[in-house]
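User: Could you take a close look at the salt bridges in this protein chain? I would like a connected account of which side chains pair and where the partners sit.

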Amino acid sequence: MLLLGVTASAHAIDHKNLDEGRPTRLDDAYTIATGDIEIETGIGVTVGRRGASRGLFPVELLYGALPNLQVGVGTTLATDPRGIDGSDKSGNLRLGALYNVNQETLSLPAFGVRIDVGLPTGVDANGVTLELKGIVTKSVERLSMHFNGGYELLAEPRGRERPGRYELVLGASYPIGAPHYTRATVVADVFTEQGLHRREENTVGAEAGFRYQVTSRWVWDAGVGTEVSGPRDRQRFFFTTGLSFGF
């Protein structure tokens, strides 16, 4: 997915913060500050193994509702909405919340819990989805390790669709130039996602990218990825880029 984001915040944006889709699917365990508002929007492109391409247009609004709690609402539109196989249909409304359970200490990692509800407002949508995700972040010197474990429940599966499936993501991020002059963070991950249909093999892939601090209010991000094994219609290549602005 190619993502272009615009962020509205009372504070400067930090290139070290990670959000799903910016530029990889990794989340870290930390929320935005209380009272902050972020708007993320953009365009996306994926290229399937069989050569099929799709454009994506996501938009999301985030709000720091309470200390260590952020809530959000968003949706994604696609250029080929009826060709999407899965629960996240084009135009589905997503409601989400992320809670930071604890800050990182010398002995304990930071831990966050995220809940997302998908409403069937999109093209060919057929039921509510509920995703629960645990997020772990632990630093070793300047290297940060991240683990995301999520499980999605589908209220009304169709045909051979599973009523629920998991996704696991393991990755790392590292600020370049620290501690003297740091304006960029590189990030990479590997992931596996359970097949959408019964007896369908897992999708396995990898991503890599960076976040660059252009100014205190601007951050540019970009990344590439591929799904190396899985169903025949898996994504052969996807590219991401984004821009965040705070004011």
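Analyst: What follows is a walk through the charged pairs, one after another, with a word on confidence at the start.

The model is a predicted one, and the mean pLDDT of the protein chain is 87, with 94% of the residues at 70 or more. A region to read with caution is residues 1-10, where pLDDT stays under 50, although the model has 63 contacts for these residues beyond four places in sequence.

Side chains of opposite charge can pair when their charged atoms come close. With a limit of 4 Å between a side-chain nitrogen of Lys or Arg and a carboxyl oxygen of Asp or Glu, the count comes to 14 salt bridges.

One of them joins the side chains of R25 and E207, with 3.3 Å from N to O. This pair links distant parts of the chain, since R25 belongs to the segment before β1 (37-41) while E207 is in strand β11 (residues 203-213), and the two are 182 residues apart. Both R25 and E207 are buried.

The segment before β1 also holds D27, whose side chain meets that of R114 in a salt bridge of 2.8 Å, N to O. Here too the pair links distant parts of the chain, with R114 in strand β6 (residues 110-119), 87 residues from D27. Both D27 and R114 are buried.

Returning to strand β11, the side chain of R211 forms a salt bridge with that of D221, at 3.8 Å from N to O. R211 lies in strand β11 and D221 in strand β12 (residues 218-229), so this salt bridge ties together parts that are ten residues apart in sequence. With buried meaning under 20% relative accessible area, R211 qualifies because its value is 5%, and D221 qualifies because its value is 0%.

Salt bridges that share partners, moreover, join E20, D27, R114, D116 and K133 into one network, and the D27 and R114 pair described above, with its 2.8 Å from N to O, has both of its residues in that network.

A last residue to look at is Q213, which is also placed in strand β11. Q213 counts as buried because its relative accessibility is 12%, and its side chain reaches the backbone nitrogen of H15 at 3.0 Å. Strand β11 therefore appears repeatedly in this account, as the place of R211, whose partner D221 lies in strand β12, and it is likewise the place of E207 and of Q213.

How values were computed
Residues numbered from 1 in each chain as written. Predicted model: local features only at pLDDT ≥ 70, side-chain atom pairs only at ≥ 80, totals over all residues. Heavy atoms only, no water. pLDDT = per-residue confidence, 0-100. Contact = heavy atoms within 4.5 Å. Helix = DSSP H or I, 4+ residues; strand = E, 2+ residues; numbered from the N terminus. Buried < 20%, exposed > 50% of the residue type's maximum accessible area, 1.4 Å probe, protein only. Polar contact = N/O pair within 3.5 Å; in protein donor to acceptor, adjacent residues only side chain to side chain.
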